[in-house]
Amino acid sequence: MYPGVWTTYILILFFSWILVLSVFGCAPGTAWTLVNLGHFAITYHFFHWKKGTPFADDQGMYNTLTWWEQMDNGKQLTRNRKFLTAVPVVLYLIASHTTDYQHPMLFLNTIAVTVLVVAKLPNMHKVRIFGINAGS
Amino acid sequence: MVRLPYSTALTTLFSYGLLFAFGHLRDFFRRIIDSRKPTTNLKDYAPICLGHEDFYTRRLFNRVQDCCNRPIASAPDAWIDVIERYSNDGNKTIHRTSKTSRCLNLGSYNYLGFAAADEYCTPRVIESLKKYSASTCSVRVDGGNTKLHIELEELVARFVGKPAAILLGMGYATNSTIIPALIGKGGLIISDSLNHNSIVNGARGSGAAVRVFQHNNIAHLEEVLREQIAQGQPRTHRPWSKIIVIVEGIYSMEGELCKLPEVISVCKKYKAYTYLDEAHSIGAIGKSGRGVCDLLGVDPADVDIMMGTFTKSFGSCGGYIAASKEIIHHLKQTCPAHIYATSMSPPAVQQVISAIKVILGEDGTNRGAKKLAQIRENSNFFRSELKKMGFEVLGDNNSPVMPIMLYNPAKIPSFSRECLRLNVAAVVVAFPATPLLLSRARICISASHSREDLIKGLEVLSKAGDISGIKYFPVEQEKTTSVEKLKKIQ
């Protein structure tokens with residue numbers, strides 16, 4: 001609906017990679033791993049952990065739904081959802097390639113991408129494993 | 001819809017993202033600091049609101065709340081006294097001082113200048129205040145039906161061009177209580193996507209099914225009508241009991257007129273009723289001030305129900321519905337705002353009667369015609385000058401409402417505060433009332449603005465616009481030198 005949301009997302013990831021490189025002065029592969037893990041933490045918290053909306057007007061109608069489940073009114077497999085599922089996979093590929101598939105980074109990156117992609121699958125809509133995060 | 005440039009969309013999204021991130025950071029630290037404080041004595045009660053529900057109000061709106069709810073200390077004429085305020089804690093609490101500043105009023109809906117004392121209206125209003133007192137203290141059906149109310153209903157019906165009218169005490173309540181009285185479960189309401197909140201509220205409260213068509217898109221309206229008539233009611237597929245299409249005369253956030261002749265022809269073709277909300281257009285546009293039907297040449301008999309308010313062009317309060325005698329008779333027996341709500345205050349009724357008489361010229365002067373010509377001239381002059389300066393201004397010609405696009409969330413308070421500093425009172429509108437990325441400053445022109453007032457306003461808006469960086473379009477160069485060269489060649 002709003003132009004430029006996808007582009008802003010990609011640009012934020014790119015600029016945070018440059019920020020990590022300039023702050024820590026590490027190898028590019030390590031920087032991509034850090035961006036991938038940071039992206040994992042932030043998007044997991046905002047898409048799959050936080051529930052409800054920032055507005056009080058809807059009177060708590062969405063208080064049991066995470067933001068991922070509220071997106072596009074609950075319709076699965078829309079363009080937005082497909083794009084947002086592809087982004088962690090692409091980040092994983094970039095991070096693994098630039099670190100040459102070396103050991104500790106590969107393990108962490110694989111965990112990040114598995115958790116994120118599984119959380120975004122249509123079968124996981126409104127599923128709460130072991131009742132974690134089921135309260136309002 | 002407004003097409004915004006791509007780079008502006010990126011920067012606006014980035015700004016909102018930054019505000020959002022900082023808000024969350026502050027909330028995070030606040031939660032840590034507050035967890036050390038002792039709990040209150042409301043220990044086992046449910047919280048009034050969960051922490052993230054009022055996130056938008058606390059972290060985004062409170063930062064700029066000095067631009068809203070500004071108290072005024074005079075009548076909202078062309079110039080207005082705004083009370084100066086200060087805040088010591090970053091806008092969490094704002095305190096009034098006893099000083100006021102006299103500002104040019106570009107925010108009030110004072111289209112014909114009736115908001116301040118008027119030489120014909122005010123003496124009559126004071127007389128009716130002495131005779132009927134400030135309130136009828138009763139509902140219309142009990143003891144609140146005075147001679148003035150009956151006179152105004154007949155006058156409004158005559159002014160608008162319909163057989164009968166009904167008055168209600170509040171403009172918002174007119175829409176939100178009349179629509180449920182007209183249609184219920186089993187009916188269909190098709191409303192424009194940019195309709196006012198009162199119409200949305202009334203439509204939801206009625207229990208009818210609601211479908212939305214894209215703003216001013218007649219092809220989409222026809223598509224929605226055809227699909228809905230073919231499908232019928234949701235599960236049973238029975239035909240709809242009735243279909244009402246609701247549009248507005250002037251859309252107050254865009255300043256655009258609706259395409260009324262096309263809407264009427266589509267509705268006649270598919271036998272749907274039309275409901276026209278003329279809150280902003282009655283009295284302000286059209287040759288004799290009779291609203292959008294007058295301007296676009298539509299016969300009032302073709303619109304089934306015409307609604308309007310007295311707050312904008314007539315300087316009073318309240319609303320009306322004008323329709324056929326049978327519909328008004330039905331509404332008088334079913335509309336809750338007529339049966340249970342206090343009737344309009346008699347001085348307010350007298351103000352509207354006098355204002356309509358001035359507009360129609362029945363007070364014996366031509367002040368009404370002069371006011372109508374003045375507002376048309378003022379609006380067209382102001383809009384063309386703003387466009388020449390490079391602002392992105394929405395709205396059609398002849399419409400007295402002109403929104404100036406701001407987009408970026410930081411430009412909203414910057415523009416508003418800069419204008420107030422230079423003594424112009426302008427209104428800015430942001431997220432819940434407009435889409436997220438399309439915040440704007442809304443200018444309302446009045447017939448009581450003189451040419452000097454408008455020029456001063458333009459200067460101030462230009463300066464504030466330069467500081468905030470909202471001149472998105474290129475400035476039109478002066479065309480005089482090229483015209484002179486042409487004349488010399490000839």
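**Close-up views of a predicted two-chain model**

**View 1. Glu254 of chain B sits in a buried loop position.** B:E254 counts as buried, because its relative accessibility is 10% and the cut-off for buried is under 20%. The structure shown here, as in every view below, is a predicted model. B:E254 belongs to the loop that links β7 (250–251) to β8 (256–257) of chain B. Which residues does B:E254 contact, leaving aside its neighbours within four places in sequence? They are B:L194, B:L394, B:G395, B:P403 and B:R440. One of these contacts, B:R440, returns in View 4 as a bridge partner in strand β15(B).

**View 2. Strand β6 of chain B is buried along its length.** β6(B) covers residues 243–248. Six of its six residues are buried, so the strand is largely enclosed by the rest of the structure. B:I243, B:V245 and B:V247 point one way. B:I244, B:I246 and B:E248 point the other way. Two strands that pair with β6(B) are part of this view. Strand β4 (residues 188–192) of chain B runs parallel to β6(B), and four bridges join them. Here B:I190 stands opposite B:V245. β9(B) also pairs with β6(B) in the parallel sense, over five bridges. In that pairing B:Y273 of β9(B) stands opposite B:I244.

**View 3. Strand β10 of chain B pairs with β9 and β11.** β10(B) spans residues 305–309. Is it enclosed or open to the outside? Five of its five residues are buried, so β10(B) is largely enclosed by the rest of the structure. B:I305, B:M307 and B:T309 point one way, and B:M306 and B:G308 point the other way. The pairing with β9 (residues 273–277) of chain B is parallel and uses three bridges. B:L276 has B:M306 as its bridge partner in β10(B). The pairing with β11 (residues 319–323) of chain B is antiparallel and uses four bridges. There B:T309 stands opposite B:G319. β9(B) thus appears in two views: it pairs with β6(B) and with β10(B).

**View 4. Three strands of chain B form an open antiparallel sheet.** The strand order is β12-β15-β14. β12 (401–405) and β14 (427–429) are the edge strands, each pairing on one side only. Neighbouring strands are turned by 30° against each other on average, direction ignored. β15 covers residues 440–444 and is joined to β14(B) by three bridges in the antiparallel sense. B:R440 in β15(B) is the bridge partner of B:V429. B:R440 is also in contact with B:E254, the loop residue of View 1.

**View 5. Two assigned domains of chain B meet.** Domain 1 is made of residues 6–39, 46–105 and 369–476, while domain 2 is residues 120–360. Their centres, taken over C-alpha atoms, are 29 Å apart. How many residues of domain 1 of chain B are in contact with domain 2 of chain B? The count is 16, and they meet 17 residues of domain 2. About 1300 Å² is buried between the two domains, with 60% of that area from carbon and sulfur atoms. On the domain 1 side, B:L372, B:D396 and B:R442 lose the most area, together 34% of what that side buries. An unreviewed UniProt entry lists residues 103–460 of chain B as "domain: Aminotransferase class I/classII large". That span is 42% helix and 16% strand, and its end C-alpha atoms lie 11 Å apart.

**View 6. Chain A meets chain B.** The contact involves 19 residues of chain A and 18 residues of chain B. About 1500 Å² is buried between the chains, and carbon and sulfur atoms give 70% of the area. Which chain A residues lose the most area to chain B? They are A:Y2, A:P3 and A:P54, which together make up 31% of what that side buries.

**View 7. Two annotated spans of chain A are rich in helix.** An unreviewed UniProt entry annotates residues 6–27 and 105–122 of chain A as "transmembrane region". In the model, residues 6–27 are 86% helix and 0% strand. The end C-alpha atoms of residues 6–27 are 27 Å apart. Residues 105–122 are 89% helix and 0% strand. The end C-alpha atoms of residues 105–122 are 28 Å apart.

Terms used: Residues are numbered from 1 along each chain as its sequence is written. Chains are lettered from A and ligands numbered from 1 in the order in which they are written. This is a predicted model: local features need pLDDT of at least 70, side-chain atom pairs count only at pLDDT 80 or more; totals for chains, interfaces and linings use all residues. Side-chain values use heavy atoms; hydrogens and water are left out. Buried means under 20% relative accessible area, exposed over 50%, partly exposed in between (1.4 Å probe, protein chains only). Two strands pair if DSSP finds at least two bridges between them. Axes are lines fitted to C-alpha atoms, for helices over the stretch in contact, and angles run from 0 to 180 degrees between N-to-C directions. UniProt positions are given in the numbering used here, feature names are shortened, and annotations may be inferred rather than shown by experiment. Domain bounds come from an automatic or database domain assignment. Contact means heavy atoms within 4.5 Å. Buried area is the accessible area (1.4 Å probe) that two parts lose on being put together, summed over both.
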